[in-house]
Amino acid sequence: MKYLLMDILACPMCKHFPLKLIVIEKDSHSEHKLPWDKIPCEAFCGRLMKSIEKARPDISTCKECFKDEIVTGVLYCEKCQRWYPIIEEIPRMLPDELRDEKRNLAFLEKHREKLPEEIVKHGKPFNLG
C-alpha cells in the first residue's frame, strides 16, 4: 500500500477520516518514480500523518514517499475503534460481517508486540482482550 492512499481511505463502517496508520513492515523501491509533477495528496499526507493544510509537503518529500510500500500494517479508526490489517501490501477493509475472525485473530497474535494495546486488547470487531 502506498502512503498516498491515506488521502482517500475512510473507515468503511463509520466513514471517519483520516485513519491512523501503524506500519509494521515497509519496503522501498528506488525504481518507483512519482508519475506527477505536483503533490498528489489533496487533504491528508499519509507519510507525515498530518492534514495537508497543516503540513504541506514539498514535491521532493512526495517523490521519496512514493518509493515506499507498506507491506504489513494496520489502519485504525479512532472514532469506532475498528482496525483493518494491511497484508502483502493490500489493505483488507471489509465490513465486520465479511471479516474472517480466525485470520484476524491470527494476524493480531503474530503482530501483538508491534501494535498498540488499543488495537490488540480493545480493537473491534476482534481483539485478544
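**Figure 1. The open four-stranded sheet of the predicted model.** In this predicted model, four strands form an open sheet in the order S1-S4-S5-S6, and their pairing is antiparallel. Strand S1 (20-28) and strand S6 (90-91) are the edge strands, each with a pairing partner on one side only. Look along the border of S1 and S4 and you will find eight bridges, made in the antiparallel sense. One residue to pick out here is Val23, whose bridge partner in S4 is Gly73.

**Figure 2. Two helices laid across the sheet.** Helix H1, covering residues 59-67, lies across S1 and S4. The angle between H1 and S4 is about 85°. Helix H2, covering residues 101-111, lies across S1, S4 and S5. For H2 and S5, the angle is about 75°.

**Figure 3. The largest nonpolar core and a second, separate one.** In soluble globular proteins, nonpolar side chains tend to be buried together. Here the largest nonpolar core gathers 15 residues, and Met1, Met6, Leu19, Leu21 and Leu75 have the most contacts inside it. Strand S4 (68-76) and strand S5 (83-87) each contribute at least two residues to this core. A second core, separate from this one, has 10 residues, including Ile22, Ile24, Phe107 and Leu108.

**Figure 4. Leu75 and the residues around it.** Which residues does Leu75 touch once its neighbours within four places in sequence are set aside? From the early part of the list come Met1, Met6, Leu9, Leu19, Lys20 and Leu21. The list continues with Arg82, Trp83, Tyr84, Ile86, Pro91 and Met93. Leu75 is also one of the residues with the most contacts inside the largest nonpolar core.

**Figure 5. Leu19, a buried residue in the segment before S1.** Is Leu19 buried or exposed? With a relative accessible area of 1%, Leu19 falls under the 20% cut-off and is therefore buried. Its place is in the segment before S1. Although Leu19 and Met6 stand 13 residues apart along the chain, their C-alpha atoms are separated by 7.2 Å. Leaving aside neighbours within four places in sequence, Leu19 is in contact with Met6, Leu9, Ala10, Cys11 and Met49, and also with Leu75, Tyr76, Cys77 and Met93. Leu19 and Leu75 thus appear in each other's surroundings.

**Figure 6. The largest pocket and its lining.** Rolling a probe the size of a water molecule over the atoms shows where empty space is left. The largest pocket has a volume of about 230 Å³. Its lining is made by Pro85, Ile87, Arg92, Leu94 and Leu98, together with Arg99, Asp100, Arg103, Asn104 and Phe107. S5 and H2 are the elements that give two or more residues to this lining. H2 provides the largest share, three residues. Phe107 has a part in two views, as a lining residue of this pocket and as a member of the second core.

**Figure 7. One enclosed cavity, with H1 at its wall.** How many cavities of 30 Å³ or more does the structure hold? There is one, and the space in the largest cavity comes to about 100 Å³. Tyr3, Leu4, Pro40, Cys41, Cys45 and Gly46 line this cavity, as do Arg47, Pro57, Thr61, Cys62, Cys65 and Phe66. H1 gives the most to the lining, with four residues.

**Figure 8. Two cis peptide bonds.** Most residues other than glycine have a negative phi, and most peptide bonds are trans. Phe17 and Pro18 are joined by a cis peptide bond, with omega about 0°. Pro18 belongs to the segment before S1, where Leu19 is also found. Another cis bond runs from Lys124 to Pro125, again with omega near 0°. Pro125 sits in the segment after helix H3 (117-120).

**Figure 9. Two loop residues with positive phi.** Gln81 is not a glycine, yet its phi is positive, at about 65°. You will find Gln81 in the loop between S4 and S5, where it is partly exposed with a relative accessible area of 27%. Glu88 is also a non-glycine residue with a positive phi, here about 50°. Glu88 lies in the loop between S5 and S6. Its relative accessible area is 62%, over the 50% cut-off, so Glu88 counts as exposed.

Technical notes
Residues are numbered from 1 along each chain as its sequence is written. This is a predicted model: local features need pLDDT of at least 70, side-chain atom pairs count only at pLDDT 80 or more; totals for chains, interfaces and linings use all residues. Side-chain values use heavy atoms; hydrogens and water are left out. A nonpolar core is a set of buried Ala, Val, Leu, Ile, Met, Phe, Trp, Tyr and Cys residues joined through side-chain atoms within 4.5 Å. Buried means under 20% relative accessible area, exposed over 50%, partly exposed in between (1.4 Å probe, protein chains only). Contact means heavy atoms within 4.5 Å. Two strands pair if DSSP finds at least two bridges between them. Axes are lines fitted to C-alpha atoms, for helices over the stretch in contact, and angles run from 0 to 180 degrees between N-to-C directions. On a 1 Å grid over the protein atoms alone, a cavity is a set of points where a 1.4 Å probe fits but cannot get out, and a pocket is an open set with protein on both sides within 12 Å along at least five of seven lines; lining residues have an atom within 4 Å of a point. Grid points are joined across faces, edges and corners, and a volume is the space filled by probe spheres set on the points.
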